[in-house]
Amino acid sequence: MDKKLFVISGCSGVGKGTVINEFMKRNSDDFILSVSCTTRKPRPNEIDGVNYFFISKEEFEKNIKEDKFLEYAQFAENYYGTKKKYVQQKMKDGYNVILEIDTQGALQVKEKMQQAVLIFIAPPSFEELENRLRGRHTEDEVTIQKRLAQVKIELERSLKYDYTVINDNIERAVEEIESIVRENVAG
Ligand code: 5GP
């Protein structure tokens with residue numbers, strides 16, 4: 001059976017990483033999380049080829065010109081993108097592929113591949129998200145305000161997604177994503 005492409009996005013602070021990691025732990029037999037290319041510098045503990053393929057700006061722009069990306073986006077001076085060839089190869093290897101990418105990239109994917117399934121992970125409420133962002137104590141007020149403005153843009157774009165999963169509880173959210181993907185893989 002043909003392998004499927006799923007795109008998962010979520011706004012900053014929504015716990016998307018935790019939900020996706022838990023999903024992957026349970027479904028690694030036939031699902032693979034795509035590794036993106038980026039021009040940002042690796043953080044401590046990040047490994048080239050595992051977390052991202054860390055490449056130079058020149059190389060990234062060369063790949064854009066040569067139309068090598070399925071999608072790409074730019075944030076804070078850095079590029080992020082998914083290589084077409086990478087996704088095709090993983091599908092050939094027998095995996096359903098999950099892209100954990102932002103909403104701009106997700107909508108580019110949907111335009112090129114209508115059969116891709118877009119899942120948005122949303123907070124239970126805007127207030128709840130604000131509390132989570134503040135609770136992390138990692139960002140200053142200006143950064144938090146910028147993040148919240150960005151969240152509004154992302155929620156707007158999420159209206160074009162196929163599914164929205166509310167992350168009110170990690171276990172429940174993972175189960176809902178599992179049922180969505182299983183239904184689409186079977187169909
Ligand atoms: P970070 O720098 O924290 O790893 O990621 C920043 C943002 O880039 C996240 O919202 C993440 O979803 C997004 N991102 C990561 N890889 C890609 C990609 O290949 N394409 C797009 N469009 N966004 C990506």
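A pocket here is an open set of points on a 1 Å grid over the protein atoms alone, with protein on both sides within 12 Å along at least five of seven lines. This is a predicted model, where local features need pLDDT of at least 70 and side-chain atom pairs count only at pLDDT 80 or more, while totals for chains, interfaces and linings use all residues. Residues are numbered from 1 along each chain as its sequence is written, and side-chain values use heavy atoms, with hydrogens and water left out.

**Largest pocket**
- The volume, taken as the space filled by probe spheres set on the points, comes to about 1400 Å³ for the largest pocket.
- Its lining (residues with an atom within 4 Å of a point) has 36 residues, with K16, R43, Y52, F75 and Y80 nearest the centre.
- Helix 1 (16-27), strand 5 (69-75), strand 6 (78-83) and helix 6 (141-157) each give two or more residues to that lining; helices (H or I, at least four residues) and strands (E, at least two) are DSSP runs numbered from the N terminus.
- Helix 6 chips in the largest share, five residues.
- By class, the lining splits into 12 nonpolar, 12 polar and 12 charged residues; nonpolar means Ala, Val, Leu, Ile, Met, Phe, Trp, Tyr, Cys and Pro, charged means Asp, Glu, Lys and Arg, and the others, Gly among them, are polar.

**Helix 1 against helix 7**
- The axes (lines fitted to C-alpha atoms over the stretch in contact, with angles from 0 to 180 degrees between N-to-C directions) of helix 1 and helix 7 (residues 170-186) come within 9 Å and cross at roughly 55°.
- That crossing angle makes helix 1 oblique to helix 7, oblique being whatever is left after under 35 degrees (roughly parallel), over 145 (roughly antiparallel) and 65 to 115 (roughly perpendicular).
- Contact means heavy atoms within 4.5 Å, and the helix 1 side includes F23 and R26, meeting helix 7 residues including V174 and E178.

**Helix 5 against helix 6**
- Helix 5 (residues 126-135) packs on helix 6 at about 145°, axes 11 Å apart.
- Their contact has seven nonpolar, one polar and five charged residues.

Conventions
On a 1 Å grid over the protein atoms alone, a cavity is a set of points where a 1.4 Å probe fits but cannot get out, and a pocket is an open set with protein on both sides within 12 Å along at least five of seven lines; lining residues have an atom within 4 Å of a point.
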